[in-house]
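Q: I'm new to this structure and would like a close look at a single part. Pick one spot, stay with it for a while, and then show me what is around it and elsewhere.

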Amino acid sequence: MKRWRTPATLMLAAAVMLACSGQRPVATPQAGASGPAQGGRLVYGLSADTNGFNPVTDQFAGQSYSMAGTIIETLTAVDANGDWKPNLAESLTPNEAHDEWTIKIREGISFSDGLPLTGDVVRANLEAQKASPLNAAVLAPVKAIEPAGPMTVKVVLKQPWVAFPYYLDAQVGMIVPPASLEDPKAASLKPVGTGPFLFKEYVPDNRMVVTRNPRYWRQGLPYLDEIEFRILPDSQTRAQTLDAGGIDAMGTSRDENLTKYAAQKGAYTVQRSEGMAVAEYMFMLNTTVPPLDDLRVRKALAHATDRETVISTLRGGMTEPADGPWTKDSKWYAEGGGYPAYDPAKAAALVKEVEAEKGPIRFEMISTPDPNTMQGIELAQDMWRKAGIEVTIKQADQADLINRAVTGNFAATVWTQFSSPDPDGEYIWMHQAYSQPVGKVSLNFSRFKDKQLSDAFDVGRTDPDEAARKKAYATVQRRLRELVPYVFVDHLNTGAIVARTKVHGIGEHRLPDGEPGLPLTGSPIPYHPFAQLWVDAQ
């Protein structure tokens, strides 16, 4: 099992956490189900192993949430409309200024080791997260975490933060017992929580097995007796294993899988995520290094990128072009031009203008060696070459690519990000306060600095008035379109869960208070809760 521990990758884990928070799905009830059945075993194919199961010390991505999330729960959740709701917390209440939040914990919840969940335990968890190099940047606005009663914690902020509860639905809001805080190495290998399942077995790069928690606080849940998560990184192998009956369900982001399994309605169900929180596929540019520090070059790249061709070639025509971090069906999306449309002639003219002043335009693009990723890189390389821009491609494994992005040791790279259910979730990735010089750790990976955009993000974070927030995020989108720190391509709504028809409950998640929850989360391959999944009796 790979365990990356450089400061750069530790800081990036916050990126992974936020990038995997909250897609809005279109979930249809599974036909033919007569009702939930108790018992049974589910074998579930994952695309990658986890970096560990400790939310305070380990990098969490989609596969981490799938496995650890069966055992460790969060303080809040997100409903089917994308709004935050209490989960382990009974309520979260701001003061009038929104610079203090009071968190009241539900009564009667215990960890699987028998220890009750209290306000002191929650306070200790939040303090550990704030002190962790992993998530310190996310909780930077937090000034103090104070006890306010046996089951209550008060979070005091340095400034108003209206979207604070959304962050407690992800890694920083996952609650573990004191023993896990005291022994982080043990917690990384054998997670303990309040969740519906108990840890049974973990074999790195192979499988994790969890069993039913008989003392789970949500009465009647979970339905399944056991889940085996099987690690199958190769997408073709994962699909072949599903076809052969070796697994019962899997995540995918391949358009050919969506087409294949959707055509077999009697044998499989396909739950596909879409909406505002679907991540964007883009080319991320380092705006502080030549030649990409020149706005004309960045605009030329965007004008030379035929997004429709990328979509038809790589996505089977299933996605929509992106001109920013939010989709058109989001209430936060701002209409208006400004993003450079596909125009090869305009791209070539900008290139000639720059060449006359500075000489030929050349830079290196880094990419993981995955064949599908390389196909997209090579397609863009050819489009940009036709405009007169010479791009070389350098392959790097994921760990190296991440380190280079965080430290600024790159010119351009292919990237997938921006999947928070609330726009404030993108604050640390775009605000100029998080942009550092090349060589230093920067969560603003493009190192883009713009006062108008940053001021707008500040308004969106601190003003509780929705109209004011919409106006602010419209400014964010306008500045991104005008200054092009990213060449946006499309909204990746090809993320889906494919399951045999004997598997039920995917897309039918309910929150503790009975409201429909967000059943699919994360990108490019989504994850989901498992407590309410059930299988037909054998």
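A: Let's start with Glu-390, which is partly exposed, at 43% relative accessible area. The cut-offs here are simple: buried means under 20%, exposed means over 50%, and partly exposed is in between, with a 1.4 Å probe and protein chains only. Before going on, keep in mind that this is a predicted model: local features need pLDDT of at least 70, side-chain atom pairs count only at pLDDT 80 or more, and totals for chains, interfaces and linings use all residues. Residues are numbered from 1 along each chain as its sequence is written, and side-chain values use heavy atoms, with hydrogens and water left out.

The side chain of Glu-390 meets that of Arg-362 in a salt bridge, 3.0 Å from N to O. That pair links distant parts of the chain, with Arg-362 in strand β16 and Glu-390 in strand β17, 28 residues apart. A salt bridge here is a side-chain nitrogen of Lys or Arg within 4 Å of a carboxyl oxygen of Asp or Glu. Strands (E, at least two residues) and helices (H or I, at least four) are DSSP runs numbered from the N terminus.

Now zoom out to the sheet. β16 and β17 belong to an open sheet of six strands, in the order β15-β19-β14-β18-β16-β17, with mixed pairing. Its edge strands are β15 (320-321) and β17 (389-395), each pairing on one side only. Strands count as paired if DSSP finds at least two bridges between them. Two bridges join β16 (residues 361-367) to β18 (residues 412-417), and these strands run parallel. Along that pairing, Met-365 sits opposite Ala-412 in β18. As a rule, the side chains in a regular strand alternate between the two faces of the sheet.

What about the inside? The largest nonpolar core has 100 residues, and among the members touching the most others are Phe-363, Trp-384 and Ile-389. Such a core is a set of buried Ala, Val, Leu, Ile, Met, Phe, Trp, Tyr and Cys residues joined through side-chain atoms within 4.5 Å. Leu-117 and Met-430 are also on that list of best-connected members. Leaving out neighbours within four places in sequence, Leu-117 is in contact (heavy atoms within 4.5 Å) with residues including Leu-88, Ile-105, Phe-111 and Ile-175. There is also a second, separate core of 31 residues, which includes Phe-53, Ile-71, Ile-227 and Ala-249.

Met-430 brings us to a buried polar residue, since it is one of the residues that Asn-444 touches, along with Trp-429 and Tyr-434. Asn-444 is in the loop between α14 (427-430) and α15 (451-462), and it counts as buried because its relative accessibility is 0%. Its side chain reaches the backbone oxygen of His-431 at 3.2 Å.

Back to charges: the structure holds 34 salt bridges. In one of them, Arg-296 meets Glu-357, at 3.0 Å from N to O. Here Arg-296 is in helix α9 (residues 295-304) and Glu-357 in helix α11 (residues 344-358), 61 residues apart. The two ends differ in exposure: Arg-296 is buried at 18%, whereas Glu-357 is exposed at 54%. Another pair is Glu-100 and Lys-154, at 3.9 Å from N to O. Glu-100 lies in strand β6 (residues 100-105) and Lys-154 in strand β8 (residues 152-157), so this pair ties together parts 54 residues apart in sequence. Glu-100 is partly exposed at 26%, and Lys-154 is partly exposed at 24%.

Strand β6 has a partner too: β5 (residues 89-94) pairs with β6 in the antiparallel sense over five bridges. Ala-89 stands opposite Ile-105 in β6. The two strands form a hairpin with five residues between them, and His-98 in the turn has a positive phi of about 60°. Most residues other than glycine have a negative phi, and most peptide bonds are trans. His-98 is buried, with a relative accessible area of 15%.

One last oddity is close to α9 in the chain order: a cis peptide bond joins Pro-290 and Pro-291, with omega about 0°. Pro-291 is in the loop between β14 (280-285) and α9.

Note on methods. Polar contact = N/O pair within 3.5 Å; in protein donor to acceptor, adjacent residues only side chain to side chain.
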